[in-house]
Protein chains: 2
Amino acid sequence: MPRQRKAGDIRRAEQIADRLHSAAIHVLRRVRHEDEATGLSAPRLSALSVIVFAGPITLGRLAAAEGVRPPTMTRLVQALETDGLVTRATDPGDARFTHIRATARGRSLLATGRRRRVAVLAREIAALSAGDRAVLARAATLMEQLADTAG
Amino acid sequence: MPRQRKAGDIRRAEQIADRLHSAAIHVLRRVRHEDEATGLSAPRLSALSVIVFAGPITLGRLAAAEGVRPPTMTRLVQALETDGLVTRATDPGDARFTHIRATARGRSLLATGRRRRVAVLAREIAALSAGDRAVLARAATLMEQLADTAG
DNA sequence: AAGGACAATTAGCAAGACTAACTACATCTG
DNA sequence: CAGATGTAGTTAGTCTTGCTAATTGTCCTT
């Protein structure tokens, strides 16, 4: 039965991949509106999140982390700077680099927004059985691995 | 201890929600480039997918299914129609409704794109243990429930 | 037959994504 | 040491996707 089993494995894996993809789309769509309550769009909020957690970071690295091109990140950072959420500083050793860091206000707004966003899902997750919560926790780890390593 | 235990549950649920949110973003980012190989943007591909699987569908229902407003869907459908992937037909009984259906070419392009997209994740998923695959399968179901019911 | 209700489209706007081209700076090399 | 090359970031211009408001066409109710 090795031939059939292998083909079956691949088919099953494809089905899981397809359902996971669809589920990811729907979960993100669900929380999108909550994010807007912070006054920041999803791309800005996501960029701010990286800036807060990755500490001071150059624009190029930030763009790569967010999966966008440098010009796109330039505008996102400009908007965040205008809102007083981040600051830019030229590298003293190599003036080509700009280091972006979050202000206290940026940190605080991110924390608030994060709470709001996750609250929607968290309420439902808290109502699940302990087993289902464990499944989701483990799945989150697996999905990060897939995202990192899939080639 | 009910108060403290409840607080702990919520914190744990929030952490899971946050990690799940992040994982969903990263998985989608990972497959985005594969989707582009079809020549269709993500919104168009997603709309086409609904049209293929939901059969003939009115524009309004399609817009609701995709979580966008009718004018946005009008333009997406126009683009798909220009590419010969869908057709529009006025309802014979009530001329206010437009029924959208996929062409053979639309179906075939979707199938190809789906295979490409899913192949990236499926290869990695197939390499997981049976237990981890089961976790992902169950998680996909749970995530769809969260997306539908979270309020 | 006129009025309101409803589906879809059109028009116009803002945000975000891209490429191409440009500036400023650093480094390497002849 | 000076010019060539390369690199980080920005600017300019375009396209797509979202939205709301307003319009068109159709149906139904009074």
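What share of the contacts in chain A with a separation of 6 or more comes from residues 24 or more positions apart? In this predicted model, such pairs account for 49% of those contacts, two residues being in contact if their C-beta atoms, placed from the backbone, lie within 7 Å. Some conventions help at the outset. Residues are numbered from 1 along each chain as its sequence is written, and chains are lettered from A and ligands numbered from 1 in the order in which they are written. Because the model is predicted, local features need pLDDT of at least 70 and side-chain atom pairs count only at pLDDT 80 or more, while totals for chains, interfaces and linings use all residues.

Chain A contains six helices and three strands, arranged along the sequence as α-α-β-α-α-β-β-α-α; helices (H or I, at least four residues) and strands (E, at least two) are DSSP runs, numbered from the N terminus. The radius of gyration of chain A is 20 Å, whereas a compact globule of 151 residues would have one near 15 Å (taken over C-alpha atoms, with a globule rule of 2.2 Å times the number of residues to the power 0.38). The C-alpha trace of chain A spans about 65 × 35 × 20 Å along its principal axes.

Next comes the pairing of the chains. A turn of 179° with a shift of 0.0 Å along the axis lays chain B on chain A with an RMSD of 0.4 Å (superposed by least squares on the C-alpha atoms of residues with pLDDT of at least 70 in both). The two copies are thus related as by a two-fold rotation axis. In chain B, the C-alpha of B:Ala24 comes closest to this axis, at 2.5 Å. The copies meet through the same surface, because 100% of the interface residues of chain B are also interface residues in chain A.

Both chains also meet the DNA. Around DNA strand C there are 21 residues, the closest being A:Ser41, A:Arg69, B:Gly60, B:Pro71 and B:Thr74; a residue is near a strand if its C-beta atom, placed from the backbone, lies within 6 Å of it. Helix H2 (42-53) and H4 of chain A, along with helix H3 (59-66) and H4 of chain B, each supply at least two residues of this surface. DNA strand D likewise has 21 residues around it, with A:Gly60, A:Pro71, B:Ser41, B:Arg69 and B:Ala95 coming nearest. Here H4(B) gives the most, with four residues.
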